[in-house]
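Let's take a look at some ring contacts and one pocket in this protein. Pull up the model and follow along.

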Amino acid sequence: MSRCATVSRSLDEPVSGTAATATTWLLLEQPGPWGAKALTSSHLDRALGRALERAADGTGVRVALIRRPGRHADPGTPPLRHVYAAHTVPGNVWLHSATVRDPNRLLGLDFAALGTGDHRSFASALDGRPHTGDPLALVCTNGKRDRCCALLGRPLAGELAASGVRGVWEVTHLGGHRFSPTVLVLPYGYAYGRAGAHTVKEALHGVQEGRVVVEGCRGCSAWERPGQAAELAVRSAAGEDRAGVLSVVRTDGGGPRWEVTVAHADGRLWRVTVAQGASLPPRPESCGAEVLGTPARMDVVAVRELRPTALAS
């Protein structure tokens with residue numbers, strides 16, 4: 001049976017507008033094996049995993065587990081675990097880090113505030129500080145969710161780590177198995193599909209220079225799917241690769257057609273027409289799917305630059 005990622009690539013399914021949505025990512029180090037629903041099927045205490053799921057629900061915070069690339073036999077409970085929080089909305093992008101001995105301390109976080117970009121509880125509950133190291137590259141490798149993530153993601157994570165790239169972690173779930181290897185780059189929150197080592201290295205180098213690499217980009221997790229596609233379309237149309245200068249400020253309409261307004265920090269505005277289509281012919285949306293599907297795709301129909309006064313119309 002063909003792998004879902006192989007079929008998606010052969011059909012040239014577009015990756016734009018397919019990123020997982022989250023204004024804030026909360027990442028907890030958890031070595032060892034992961035199950036399909038890793039927060040409650042790993043060596044993390046199951047009650048804690050359920051509590052974290054409940055705390056994050058509806059807040060814009062997405063909780064995921066991370067581990068270092070390599071073999072994942074049970075190493076026992078780590079004395080210290082890394083924790084990261086990253087807010088991805090332009091104008092207030094940040095990445096903070098902490099280490100904890102007791103992961104139950106994460107329940108002291110104000111998840112609603114984290115979702116809006118307020119990091120004060122990360123400092124007070126976890127003694128967190130602004131992250132001063134390299135940007136993070138999170139490679140989805142959870143084969144219990146989809147075998148493509150293991151077969152394609154783990155070798156990529158290993159290759160990056162072996163070549164000396166710092167900030168590389170394996171992560172439990174980024175969505176879009178059929179786009180494996182999938183990678184999320186923080187702090188800006190841009191996701192990549194069908195990623196090779198060169199693309200990831202270029203994306204990380206771009207972060208250090210304040211740039212966004214558009215090639216292979218699925219979108220910024222700060223926006224819903226139509227906004228993701230619209231922002232990337234404006235980047236391509238305007239030749240704009242600077243990070244943090246474009247924001248989705250308005251979305252009118254609803255599926256299957258949206259009018260998305262994208263604003264530049266310098267005052268320019270664009271209105272982008274995005275239409276939802278179906279990816280044909282039917283294909284497996286994941287390797288475990290018993291029924292073929294026609295996954296939704298975000299097609300950019302038009303990109304039109306506006307005068308700033310047009311936003312009020």
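A charge sits over a ring if NZ of Lys or CZ of Arg is within 6 Å of the ring centre and within 35 degrees of the ring normal. Keep in mind that this is a predicted model. Here are two arginines that fit the bill:

| Charged residue | Ring | Distance from the ring centre |
|---|---|---|
| Arginine 67 | Tryptophan 34 | 3.6 Å |
| Arginine 68 | Tryptophan 169 | 3.8 Å |

Tryptophan 169, the ring under the charged end of arginine 68, also has an aromatic partner. A search of the whole structure turns up one aromatic pair, and it's tyrosine 84 with tryptophan 169, arranged edge-to-face. Their centres are 6.0 Å apart, with 70 degrees between the planes. Along the chain the two are distant: tyrosine 84 is in strand β3 (residues 81–87) and tryptophan 169 is in strand β7 (residues 168–171), 85 residues apart. Are they buried or exposed? Tyrosine 84 and tryptophan 169 are both buried.

Now for the second largest pocket, with a volume of about 170 Å³. Two elements, α2 (46–56) and β2 (61–67), each give two or more residues to its lining. Strand β2 has the largest share, at three residues. Among the lining residues are Thr21, Ala22, Leu39, Glu53, Asp57 and Arg62. What's the chemical mix of the lining? It comes out as five nonpolar, four polar and three charged residues.

How values were computed:
Residues are numbered from 1 along each chain as its sequence is written. This is a predicted model: local features need pLDDT of at least 70, side-chain atom pairs count only at pLDDT 80 or more; totals for chains, interfaces and linings use all residues. Side-chain values use heavy atoms; hydrogens and water are left out. On a 1 Å grid over the protein atoms alone, a cavity is a set of points where a 1.4 Å probe fits but cannot get out, and a pocket is an open set with protein on both sides within 12 Å along at least five of seven lines; lining residues have an atom within 4 Å of a point. Grid points are joined across faces, edges and corners, and a volume is the space filled by probe spheres set on the points. Helices (H or I, at least four residues) and strands (E, at least two) are DSSP runs, numbered from the N terminus. Ala, Val, Leu, Ile, Met, Phe, Trp, Tyr, Cys and Pro count as nonpolar, Asp, Glu, Lys and Arg as charged, and the others, Gly among them, as polar. Rings of Phe, Tyr and Trp (its six-membered ring) pair if their centres lie within 6.5 Å; planes under 30 degrees apart count as stacked, over 60 as edge-to-face and the rest as tilted. Buried means under 20% relative accessible area, exposed over 50%, partly exposed in between (1.4 Å probe, protein chains only).
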